[in-house]
Amino acid sequence: MARFVDFQTNFSTGELDPLLRARVDLQTYNNALAKATNVLIQPQGGLRRRPGSKHILELPNTGTESAGNGVRMVPFQFSVDDSYMLVFVPTRMYVIKDGSVIADINGTGNNYLTTTITASMLDDMCWTQSADTLIVVHPDLQPVQIQRNSDSAWTIASITFDSIPKYAFELDSHTSQGADITPSAVSGNITIDATSTNHTSGTAQGGTISTITLNAASSSTDNIYEGMFVEITGGTGAGQSRIIESYVGSTKVATVHPNWDTAPDATSVYSVASFKESAVNQYINASPQGRARIIRYVSDTQVECVTEYPFFNTDQITAGRWEIEHGYVDVWSSTKGWPRTVTFHEGRLYFGGSKSRPSTIWGSKIGLFFDFVPTESLDDDAISATLDTNELNVITDIISSRDFQVFTTGGEFYVPQQGTDPVTPLTFIFKAVSRNGIKPGTRVQSVDSGSVYIQRQGKSLNEFVFSDTQLTYITQRISLLSGHLLKSPNRIALRKASSTEDADLLMMTNTTDGSMAVFSIMRSQQVTSPSEFTTDGEYLDVSVDVTDIYTTVKRAFNSVDRYFVELFQNTLYTDCACTGGSAASASSLPHEGETLNVICDGVPQGDEVVSSGSITFDRASTTSYEVGLPMNVYAKTMPAEISIGTGTRIGFKKRIVQVNVVVNDSQHLNINAQPIPFRNFDTDMLDEPVPEFTGIKRLDGVRGYSRDAAIEITQTLPLKLTLLGLEYKIAVHQGS
């Protein structure tokens, strides 16, 4: 029986995918864990018990506003001193600051703001913030702005746009037969004047949903009014304006496009002219050449235009040699849908995708965030661009990073910029990077080296990063060694490192089992260390307020589903924890019927069952207490593999004989279910907290043979644990 000594110096690989069990040839195998539950991997390589979570707010669990119908958390940072976590449930928004719920919002007596955001919108809502304003979008929601006036004063209103971009969903054109036009110049900003010989008005004889019968005095020449505008100025259907696509002189019937919303009748007063207000954002095309977009209606005979293709000269263009190209309508509306994504980038507000134009990006004019219609084609003008590829690319997120980045269901794109040159309407072009796609409803997270997103099917975590050697973006799969932790993730959040003891934490809530996949990331060192958070319930959402990590959790107490907002805190050792000072009991607890850990003055007491919202402590606390749900802390090393001259010993039985545990500031630890002593019994301080220990603890007499010899680390008490490394002696049959 040969004996060997091995030393696992760190756990920086984190929890390893079971599919890699046989890859003992990988260097990462030696630094990996088979399981890492409710622990965090530190940048230095050790693991520590994850923070407990403090009970902050219970959300509604009945009615249309129940969190069971949907919940979304959105961080809002107003200043260095004022940051908030906004919690959305159907038609309500709660405001949390520094771990406390803001009460009496707008003097209503309620601790919430009433919103128009419904349950069906919460999963796919998107947002961006500037100063005191949060803009929220969804394909079925007219974009809203939520404005902070003070901690307890918040307003919400639909955005009124200065101009909305146009698109011809039903493009049509008609040659004007009844008027001549004259451009004031061949290019640039011009005016176009029309003759008024065939303009007419009067009271209609009747009409249908697609026609209007002009009065008897109208011209008897066929199609004389084709390409002209007819506007109902009074009577039935007043306020509607359409273009005439044909006209029958013998019957006086003009066919219009598109159909009327309200059909005219014999009471309808009308006016037929070369131009009407509805001509704005339509086009004039001339022969032999010339194209201009109408930007302002001046009168029935004059409009102001921007040329997109110059006219041949400024001579009069006779009837029959020019046409109105029409059908351009607001691209966003209650019928066409609203923007899906939103961000600010280099002085513009950008919207990405909509229900009717899912692959289009719109950028506002510089500094005019609600003006989206281009006028002069200058560098600061509005932008519109569409992803034209050989497959559908529904834009699901856009972010402002090193470049303007676009994430779709079909792939990843960016808008290249030359050096420090800004994006302009002429330079706004898309470059494809990869064809992975992003999962709808999950937001892209920016890390130091790039952007991180969840792949479309939710099977992998990808990084979108700029390569200085290739001078373009590339996509890397950073969950390759731990993809099993991603179980239909639906929320993602990033907590950036705030000290040398922390790494960037990327957290994803899983819908399959309610767990949370947590990746400790140091991309500069090529370190990605995953672990898994579990709790007595299901994690629904996670979000970060600067450095504070909030989560919403579904828990079943006494067989009733309840929903809580909780805050992770390093000073807590239980979940959904309630704290206090000097007391002999705790009351008004939400954990009805649950068994809770009790910690008084830093010393664990006996567990207690909540009855009528209360528990009584074994002894009263003098300074502080914490009561909360127990946390299952569990870590297991990869099976020990010893290679000797005659080969590996994967299938041989082995026994771990001795374990030396390197810990830092720790109070409690079990190795293979055997407790490691941390308290000395030569003192009279048994009613004091367990002293924190830094150094090496030794465990002898570990029993049991196994073909998968591994070390299991657990805790049965809610106390500190930071494990830095494991040295162990293993006995194995040498064989022949």
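Me: Let's fix a scale: buried is under 20% relative accessible area, exposed is over 50%, and partly exposed is in between (1.4 Å probe, protein chains only). So is N285 buried or exposed?
Reply: N285 counts as buried, because its relative accessibility is 13%. This is a predicted model, where local features need pLDDT of at least 70 and side-chain atom pairs count only at pLDDT 80 or more, while totals for chains, interfaces and linings use all residues. Residues are numbered from 1 along each chain as its sequence is written, and side-chain values use heavy atoms, with hydrogens and water left out.

Me: OK, and where is N285 in the fold?
Reply: N285 sits in strand 26, residues 283-286 (strands are DSSP E runs of at least two residues, numbered from the N terminus).

Me: Which residues does N285 touch, leaving aside neighbours within four places in sequence?
Reply: The contacts (heavy atoms within 4.5 Å) of N285 are G290, R291, R321, W322, E323 and E325.

Me: Switching to pockets. How much space lies in the largest pocket?
Reply: The largest pocket holds about 910 Å³. A pocket is an open set of points on a 1 Å grid over the protein atoms alone, where a 1.4 Å probe fits, with protein on both sides within 12 Å along at least five of seven lines. Volume is the space filled by probe spheres on the points, which are joined across faces, edges and corners.

Me: What lines the largest pocket?
Reply: There are 29 lining residues (an atom within 4 Å of a point), and P75, W127, V444, Q445 and V544 lie nearest the centre of the largest pocket.

Me: Which strands supply at least two of those lining residues?
Reply: Strand 7 (72-77), strand 12 (126-130), strand 30 (339-345), strand 34 (395-400), strand 38 (445-447), strand 42 (489-495) and strand 46 (538-545).

Me: And how does that lining divide by class?
Reply: The largest pocket's lining has 15 nonpolar, eight polar and six charged residues. Nonpolar here is Ala, Val, Leu, Ile, Met, Phe, Trp, Tyr, Cys and Pro, charged is Asp, Glu, Lys and Arg, and the others, Gly among them, are polar.

Me: What about the second largest pocket, what's nearest its centre?
Reply: R242, P258, G327, Y328 and V329, out of 28 lining residues. Strand 16 (166-175), strand 22 (229-234), strand 23 (241-248) and strand 29 (322-330) each give two or more residues to that lining. The second largest pocket has about 780 Å³ of space.

Me: Which strand gives the most to it?
Reply: Strand 29, with five residues of the second largest pocket's lining.

Me: Same split by class, please: how many nonpolar, polar and charged?
Reply: For the second largest pocket, seven nonpolar, twelve polar and nine charged.

Definitions and conventions
Helices (H or I, at least four residues) and strands (E, at least two) are DSSP runs, numbered from the N terminus.
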